[in-house]
Every structure is written in C-alpha cells, then in structure tokens.
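I opened the notebook to look up helix packing, the nonpolar core and a few single residues. The entries follow in the order I took them.

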Amino acid sequence: MATLEIRDLHVSVEADNATKEILKGVDLTVKQGETHAIMGPNGSGKSTLAYSLAGHPKYTITSGTVTLDGEDVLEMSVDERARAGLFLAMQYPVEIPGVSVSNFLRTSATAVRGEAPKLRTWVKEVKETMAQLQMDPAFAERNVNEGFSGGEKKRHEILQLELLKPKIAILDETDSGLDVDALKTVSEGVNRVRETGEVGTLLITHYTRILKYIKPDYVHVFANGRIAASGGAELADQLENEGYEAYTKGGASA
Ligand SMILES: Nc1ncnc2c1ncn2[C@@H]1O[C@H](COP(=O)(O)OP(=O)(O)OP(=O)(O)O)[C@@H](O)[C@H]1O
C-alpha cells in the first residue's frame with residue numbers, strides 16, 4: 001500500500017519584503033485506502049500545505065520531508081509527482097486555451113499510466129464517468145478551464161481524479177461556487193474513488209458542508225501552521241459544534 005509521509009514540514013512565503021513562516025512543522029501520514037480531512041480556521045495554512053505538496057514556486061520548503069513510498073516528493077517535478085501516483089487538485093485551476101478537455105484527459109492519463117489508454121475502452125470510461133458526474137458530453141470538447149463555472153471546474157477535477165486513479169489524492173476543497181446538487185455529485189465521485197480502496201485522500205476542507213457527504217476516517221485540526229489535534233469522524237462534529245477556539249489559544253491564527 002502506498003504511503004505519503006509528511007514529516008516536520010516548514011514552509012515560508014515572501015510577502016511585503018519579508019519572509020513569513022506559514023507551516024511550522026506538519027506531520028501527517030496518509031495511506032492508500034484512507035480518507036483524511038484537514039479542518040481549521042481561516043488562514044491557518046491549509047491551502048499552503050496543498051500548494052507546497054503541489055510544488056508551487058511561491059512556497060519555499062525550509063525544512064522537513066515529504067515522501068511517497070520512501071521516494072522524495074520534494075525533489076520531483078510536478079509531472080514526476082503525478083507519475084509517482086500523486087493527484088494534486090488546486091483551488092484555482094489554470095486555463096489551457098486551445099486544449100480540449102478530451103485531449104487533456106487522454107494526455108494526462110498517458111503520462112500517468114506510462115502508455116496511451118486503449119481508445120475504445122477509454123472513450124467508454126470517459127463517457128460513463130462524465131455521465132455519473134452529470135456532465136454534458138459536449139463539455140469534453142471545451143478548452144480546459146476556459147470559462148468554466150465553479151461547479152464545472154470541480155466536476156472536471158473529480159473527472160480527472162476518477163480517470164487518473166492516483167495512489168494519493170490531495171483535494172483542496174473550497175465548496176464556494178458549488179450548489180448543493182453539485183456538492184453532492186462531486187462528493188459521490190470522491191466516494192466512488194474511495195470505495196475502490198486504492199486511493200488515499202487528503203481532503204482539505206474550508207467549510208464543513210462537504211463532510212456531510214464524505215465521511216473521513218481521520219480528521220485533523222490545523223491551527224497556526226501545524227496539526228493541533230487528530231481524531232476520527234466524530235472530531236468533525238465536535239468542531240462543528242464548538243469551533244476552533246480550543247486549538248487557537250496561545251498564538252493567534254495568521
Ligand atoms: N502567496 C502568499 N503570499 C503571502 N501570504 C500568503 C501566501 N499564501 C498564503 N499566505 C498567508 O499564509 C496564511 C495561511 O494561508 P492559507 O491560505 O494557507 O490558509 P487557509 O487555512 O487555507 O485559509 P482559508 O481557510 O481561509 O482558505 C495566511 O495568512 C495567508 O495570507
């Protein structure tokens with residue numbers, strides 16, 4: 001079983017001519033087949049963790065390690081990370097003018113799998129997955145992220161997740177822009193992937209709404225740039241009722 005290990009991760013950004021440390025020693029292990037949710041107050045560093053794992057150039061890893069099955073992820077280029085089995089979905093996906101969704105998906109799958117998927121089974125797989133995500137087939141011919149609505153971006157992201165079948169998926173889930181139906185559809189996609197037992201998911205949640213549909217095995221509270229507490233799904237309910245105050249005392253969240 002593949003394992004993602006984050007050890008004592010410290011990350012800084014340059015802002016206003018000063019270096020600001022945002023992640024202050026994150027420790028986390030995610031195994032294939034497990035679903036982890038990271039919750040925490042605004043500005044605690046949740047997205048920074050996602051960007052850092054994705055190799056965003058703005059975020060400097062000052063110390064610590066990230067490995068996937070013992071391989072150093074931080075030394076890998078973004079496409080090497082994908083080939084190693086990491087799926088990194090971003091909050092703000094980029095537009096790729098002139099590249100259709102259909103081409104993009106097939107190129108990505110070819111890169112990740114190391115060979116082009118067989119055309120007939122691939123077309124069927126794409127069609128079926130799009131139907132499950134309630135996506136119009138015409139969507140496949142649109143240019144990647146060009147003019148996509150919030151809901152379409154999310155569905156496209158989950159479509160990639162389902163087709164690429166990574167070992168570990170990191171989903172930075174803002175549900176802003178998702179109406180209740182879209183939130184459900186997207187959650188169902190995540191749950192389908194989960195049911196395969198072959199994908200470990202790190203779900204970074206900015207709102208607790210999504211946890212109504214996706215029940216995590218583990219919940220971690222992020223506060224002041226590190227994990228302040230971990231527990232089972234019941235911790236999410238407790239946070240919903242009691243808020244984060246107990247975890248943010250003794251150092252205000254950024
Ligand atoms: N590129 C950047 N430049 C400057 N400051 C940044 C940058 N990225 C993050 N920060 C700062 O780091 C802190 C953590 O931000 P981050 O977006 O990781 O928090 P978050 O937990 O995801 O918050 P939210 O739940 O509100 O989305 C904030 O104070 C933010 O302003």
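**Entry 1: the loop ahead of α5.** I began with asparagine 145, which sits in the loop between β8 (143–144) and α5. The model is a predicted one. I looked up the backbone and found a positive phi of about 65° at asparagine 145, although this residue is not a glycine. Most residues other than glycine have a negative phi. Is asparagine 145 buried, exposed or partly exposed? I found 19 C-beta neighbours inside 10 Å, so asparagine 145 counts as partly exposed. The cut-off for buried is 20 or more.

**Entry 2: a second positive phi.** I then turned to aspartate 8, which belongs to strand β1 (residues 3–15). Aspartate 8 is not a glycine either, and I noted a positive phi of about 45° there. Its C-beta has 13 neighbours inside 10 Å, so I list aspartate 8 as partly exposed.

**Entry 3: α5 against α6.** Next I looked up the packing of α5 with helix α6 (residues 180–195). The axes lie 10 Å apart and the angle is about 10°. I therefore put α5 down as roughly parallel to α6, since angles under 35 degrees count that way. On the α5 side I listed Gly151, Lys154, Arg155, Ile158, Leu161 and Glu162. They meet Ala182, Thr185, Val186, Gly189, Val190, Arg192 and Val193 of α6. I sorted the residues of this contact into six nonpolar, three polar and four charged.

**Entry 4: α4 against α5.** Which angle do the axes of α4 and α5 make where they cross? I read roughly 135° for helix α4 (residues 119–132) and helix α5 (residues 150–164), whose axes come within 10 Å. This angle makes α4 oblique to α5. I recorded the crossing of α4 and α5 as right-handed. From α4 the contact takes Glu125, Val126, Thr129 and Met130, and from α5 it takes Leu159, Glu162 and Leu163. By class I have four nonpolar residues, one polar and two charged in the contact of α4 with α5. Glu162 of α5 appears in this contact and also in the one with α6.

**Entry 5: the core.** I looked up the largest nonpolar core and found 57 residues in it. Which of its members touch the most other members? I noted Ala37, Met39, Phe87, Ile168, Ala169, Ile170 and Ile204. Strand β2 (residues 18–31) supplies the largest share of this core, five residues. I followed alanine 169 further: leaving out residues up to four places away in sequence, it touches Phe87, Leu161, Val199 and Thr201. Leu161 is a residue I had already listed on the α5 side of the contact with α6.

**Entry 6: valine 219.** I found valine 219 in strand β11 (residues 218–223). I count valine 219 as buried because 25 C-beta neighbours lie inside 10 Å. Beyond four places in sequence, I listed its contacts as Ala37, Met39, Gly231, Gly232, Ala233, Leu235 and Ala236. Ala37 and Met39 also stand in my list from the core. For valine 219 and glycine 231, 12 residues apart in sequence, I read a C-alpha to C-alpha separation of 5.3 Å.

**Entry 7: alanine 246.** Last, I placed alanine 246 in helix α8 (residues 245–248). It has 13 C-beta neighbours inside 10 Å, so I entered alanine 246 as partly exposed. From alanine 246 to leucine 23 I read 19 Å between C-alpha atoms, with their positions 223 residues apart along the chain.

Definitions and conventions:
Residues numbered from 1 in each chain as written. Predicted model: local features only at pLDDT ≥ 70, side-chain atom pairs only at ≥ 80, totals over all residues. Axes fitted to C-alpha atoms, helices over the stretch in contact; angles between N-to-C directions. Helix = DSSP H or I, 4+ residues; strand = E, 2+ residues; numbered from the N terminus. Parallel < 35°, antiparallel > 145°, perpendicular 65-115°, else oblique. Left-handed = near helix turned anticlockwise from the far one by under 90°. Contact = placed C-beta atoms within 7 Å. Nonpolar A, V, L, I, M, F, W, Y, C, P; charged D, E, K, R; others polar. Buried ≥ 20, exposed ≤ 12 C-beta atoms within 10 Å, placed from the backbone. Core = buried A, V, L, I, M, F, W, Y, C linked by C-beta atoms within 7 Å.
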